[in-house]
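Biologist: I'd like to learn to read a model step by step. Could we look at it together, one question at a time?

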Amino acid sequence: MLTQQENKWTMTNIIIGITIIMYLIQTSIMNGGLILGLNMYFTTGLFWQPLSSMFAHGGLGHLAMNMFVLYQFGNLIERYRGRGYFLFLYFAGGILTSLISFAYIYYLDNYVNLVGASGALCVLMGYIALLDKRQRSGIITWVLIISVAPLLIGLPIAWYAHFIGLAIGFLIGFIKR
């Protein structure tokens, strides 16, 4: 069992801290969202965007919601599968989700700027949904709600990144139980 002191320094909590710092950097530099988000500049040499877009966010509400979900699911996976497995799942799954999402927008809408950790978070949720059948329907319902509800009220959201991340989480879980 983890003690309170050990729990404070999980990789999940460190990533949350880094994400908050990156958001502050993003908002303090000119065109920070375009430089750190994933967009057509990726094809012109901004090769870090599939990773940096996981740290960029569209506002404080977006950041707070994503960090709350990361705290819940990241610490859970890290506690039961270990630090290395969590890091692999979050970053490999998140970058793969970013790249597939970019391929999707590349052909449909060149003006989209993808920001946020939700694709990587959906990887974590997909992984847990595969392994824990009791939570599966709740997680899938939640991903549907966070993907469709904002669209219904006119918010621009990369709903496809949520579904791609969920599928990647399922796939990784299926391959690497």
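**Reading the model together**

Biologist: Let's begin with one residue: is aspartate 132 buried or exposed?

Modeller: Keep in mind that this is a predicted model. Aspartate 132 has a relative accessible area of 17%. A residue needs to be under 20% to count as buried, so at 17% aspartate 132 is buried.

Biologist: And which residue's side chain meets that of aspartate 132 in a salt bridge?

Modeller: For a salt bridge we look for a side-chain nitrogen of Lys or Arg within 4 Å of a carboxyl oxygen of Asp or Glu. Here the N to O distance is 3.3 Å, so the pair passes that cut-off. The partner of aspartate 132 is arginine 134.

Biologist: Is arginine 134 buried or exposed?

Modeller: Its relative accessible area is 75%. Anything over 50% counts as exposed, so this salt-bridge partner of aspartate 132 is exposed.

Biologist: How many salt bridges are found in a search of the whole structure?

Modeller: You have just met one of them, between arginine 134 and aspartate 132. The side chains of glutamate 78 and arginine 83 also meet in a salt bridge, at 3.8 Å from N to O. The search of the whole structure gives a total of 2.

Biologist: Of glutamate 78 and arginine 83, which is partly exposed?

Modeller: Glutamate 78 has a relative accessible area of 9%, which means that glutamate 78 is buried. For its partner the value is 45%, and that falls between the cut-offs of 20% and 50%. The partly exposed one is therefore arginine 83.

Biologist: Now to the helices. Is helix 7 roughly parallel or antiparallel to helix 8?

Modeller: Two packed helices are described by the angle between their axes and the distance between the axes. The axes of helix 7 and helix 8 come within 7 Å and cross at roughly 150°. Angles over 145 degrees count as roughly antiparallel, so helix 7 and helix 8 are roughly antiparallel.

Biologist: How many nonpolar residues are in the contact of helix 7 with helix 8?

Modeller: Helix 7 brings Cys122, Met125, Ile128, Ala129, Leu130 and Leu131, and helix 8 brings Lys133, Gln135, Arg136, Ile139, Trp142, Val143 and Ile146. Set aside 1 polar and 2 charged residues, and the nonpolar count is 10.

Biologist: What is the handedness of the crossing where helix 8 passes helix 9?

Modeller: Helix 8 covers residues 133–152 and helix 9 covers residues 159–175, and their axes come within 9 Å and cross at roughly 160°. That makes helix 8 roughly antiparallel to helix 9. As for handedness, the crossing is right-handed.

Biologist: Histidine 162 is in helix 9, so is histidine 162 buried or exposed?

Modeller: Leaving out residues up to four places away in sequence, histidine 162 touches Ser118, Cys122, Val143, Ile146, Ser147 and Ile157. Its relative accessibility is 3%. With the cut-off at under 20%, histidine 162 counts as buried.

Biologist: At what angle do helix 5 and helix 7 pack?

Modeller: Helix 5 spans residues 60–81 and helix 7 spans residues 118–131, with their axes 10 Å apart. Residues in the contact include Val69, Phe73 and Ile77 of helix 5 and Leu121, Leu124 and Tyr127 of helix 7. Their crossing is left-handed, and the packing angle is about 40°.

Biologist: How far apart in space are asparagine 75 and phenylalanine 86, C-alpha to C-alpha?

Modeller: Asparagine 75 lies in helix 5 and, at 6% relative accessibility, counts as buried. In sequence, asparagine 75 and phenylalanine 86 are 11 residues apart. In space, their C-alpha atoms are separated by 8.5 Å.

Biologist: One last puzzle: what value is the phi of asparagine 31 near?

Modeller: Most residues other than glycine have a negative phi. Asparagine 31 sits in the loop between helix 2 (11–28) and helix 3 (32–36), and at 47% relative accessibility it counts as partly exposed. Its phi is positive, in a residue other than glycine, with a value near 60°.

Methods. Residues numbered from 1 in each chain as written. Predicted model: local features only at pLDDT ≥ 70, side-chain atom pairs only at ≥ 80, totals over all residues. Heavy atoms only, no water. Axes fitted to C-alpha atoms, helices over the stretch in contact; angles between N-to-C directions. Helix = DSSP H or I, 4+ residues; strand = E, 2+ residues; numbered from the N terminus. Parallel < 35°, antiparallel > 145°, perpendicular 65-115°, else oblique. Left-handed = near helix turned anticlockwise from the far one by under 90°. Buried < 20%, exposed > 50% of the residue type's maximum accessible area, 1.4 Å probe, protein only. Contact = heavy atoms within 4.5 Å. Nonpolar A, V, L, I, M, F, W, Y, C, P; charged D, E, K, R; others polar.
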